[in-house]
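Here is a relaxed walk through one model, moving from a helix in the core to side-chain contacts and then to a few backbone details. Keep the structure open while you read.

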Amino acid sequence: MHNHDILIRLRYALDIKNNDMVEIFKLGDIKVTREEVMQMLTRPKDDYYDEYDDDIDEDEEGINCNNMMLESFLNGLIIFKRGRQEPKPGQSQSQEPAVKNKESVNNILLKKLKIALTLTSEDMIDILEEAGVMITKGELSAILRKVGHRNYKECGDRYARNFLKGLALKYRG
């Protein structure tokens, strides 16, 4: 799943307004305008979308949302929903990026959404069940683990996509 797809689905699921999107990016230390956000939320014109989306304007150029921008957005979403956390004594103000490679994007997405929305593991399992996906607590725990942990499991697009679908059903349905 592409990063712009994640943003589009997340924006829909949580019913985030355009001005709030700009604010969330700002809280994540990325300055974007409302127009740039709209371009990020535009699906690229490629072969896959040609079959399904005939209403895309060919002249419209989308802005690519890279992993750093997505992670900044998710960090901003945490601050937007829960407030800024003061660093503990001896802790640095800036964090090192959690997204190391393309494979870990879905894992980071689920972890940060769990924090931002103050979800428990049971809540996450319920959200996935609402989207038609059964997952055990052990499997979810493996997905939420740190990369390199012996029980770490990579989160596939299926879980991420269905989690965002379940969020939309929960918050909008």
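Phe73 is a good place to start: at 1% relative accessibility, this residue counts as buried. Bear in mind throughout that we are looking at a predicted model.

**Helix H5 and its surroundings**

Phe73 sits in helix H5, which covers residues 67-82. How does the span of H5 compare with what its 16 residues should give? At 1.5 Å a residue the expectation is 22 Å, and the end C-alpha atoms are indeed 22 Å apart, so the two values agree.

A good stretch of this helix is tucked away. The buried residues of H5 are Met69, Leu70, Glu71, Ser72, Phe73, Leu74, Asn75, Gly76, Leu77, Ile78 and Ile79. In general, an α-helix has 3.6 residues a turn, so residues three or four places apart point the same way. The run in H5 takes in consecutive positions from Met69 to Ile79. What covers them? The cover includes helix H1 (3-14), H2, helix H3 (34-40) and H6.

**One aromatic pair**

The model has one aromatic pair. Its members are Phe25 and Phe73, with ring centres 5.0 Å apart and planes at 50°, so the pair is tilted. To see why, recall that planes under 30 degrees apart would count as stacked and those over 60 as edge-to-face. Phe25 belongs to helix H2 (residues 18-27) and Phe73 to H5, so to speak two distant parts of the chain linked across 48 residues. Phe25 is buried too, with a relative accessible area of 1%.

**Salt bridges**

How many salt bridges does the model have? The count comes to four. Three of them are set out here, with the distance between nitrogen and oxygen.

| Pair | N to O distance |
|---|---|
| Lys17 and Asp15 | 3.3 Å |
| Lys112 and Glu71 | 3.9 Å |
| Glu122 and Lys137 | 2.5 Å |

Take Lys112 and Glu71, whose side chains meet in a salt bridge. Lys112 lies in helix H6 (residues 105-116) and Glu71 in H5, so this pair ties together parts that are 41 residues apart in sequence. Are these two residues buried or exposed? Both Lys112 and Glu71 are buried. H6 also turns up in the cover over the buried residues of H5.

Glu122 and Lys137 make the salt bridge at 2.5 Å. Here Glu122 is in helix H7 (residues 121-130) and Lys137 in helix H8 (residues 137-143), with their positions 15 residues apart in the chain. Glu122 is partly exposed, at a relative accessible area of 40%, and Lys137 counts as partly exposed at 47%.

Asp15 and Lys17 form the salt bridge at 3.3 Å. Lys17 counts as partly exposed, at 47% relative accessibility, and so does Asp15, with 42%. Through salt bridges that share partners, Asp15, Lys17 and Arg172 are joined into one network.

**Around Arg172 and the end of H9**

Arg172 does something else as well: it lies over the face of Tyr12, at 4.1 Å from the ring centre. Helix H9 covers 157-172, and Gly173 is found in the segment after it. Is Gly173 buried or exposed? With a relative accessible area of 89%, Gly173 is exposed. Its C-alpha atom is separated by 9.5 Å from that of Ala13, although the two residues are 160 apart along the chain.

**Two loop residues with positive phi**

Asp15 comes back here for its backbone: its phi is positive, about 50°, although the residue is not a glycine. This aspartate lies in the loop between H1 and H2. Asp29 also has a positive phi, of about 70°, and is not a glycine either. Asp29 is found in the loop between H2 and H3. How open is Asp29, buried or exposed? At 68% relative accessibility, Asp29 counts as exposed.

**Cysteines**

Finally, the sulfur side of things. A disulfide is a covalent bond between the sulfur atoms of two cysteines. The structure holds zero disulfides. Cys65 is buried, with a relative accessible area of 4%, and Cys155 is buried as well, at 1%.

Definitions and conventions: Residues are numbered from 1 along each chain as its sequence is written. This is a predicted model: local features need pLDDT of at least 70, side-chain atom pairs count only at pLDDT 80 or more; totals for chains, interfaces and linings use all residues. Side-chain values use heavy atoms; hydrogens and water are left out. Rings of Phe, Tyr and Trp (its six-membered ring) pair if their centres lie within 6.5 Å; planes under 30 degrees apart count as stacked, over 60 as edge-to-face and the rest as tilted. Helices (H or I, at least four residues) and strands (E, at least two) are DSSP runs, numbered from the N terminus. Buried means under 20% relative accessible area, exposed over 50%, partly exposed in between (1.4 Å probe, protein chains only). A charge sits over a ring if NZ of Lys or CZ of Arg is within 6 Å of the ring centre and within 35 degrees of the ring normal. A disulfide is a pair of cysteine sulfur atoms within 2.5 Å. The expected span of a helix is 1.5 Å times one less than its number of residues. Contact means heavy atoms within 4.5 Å.
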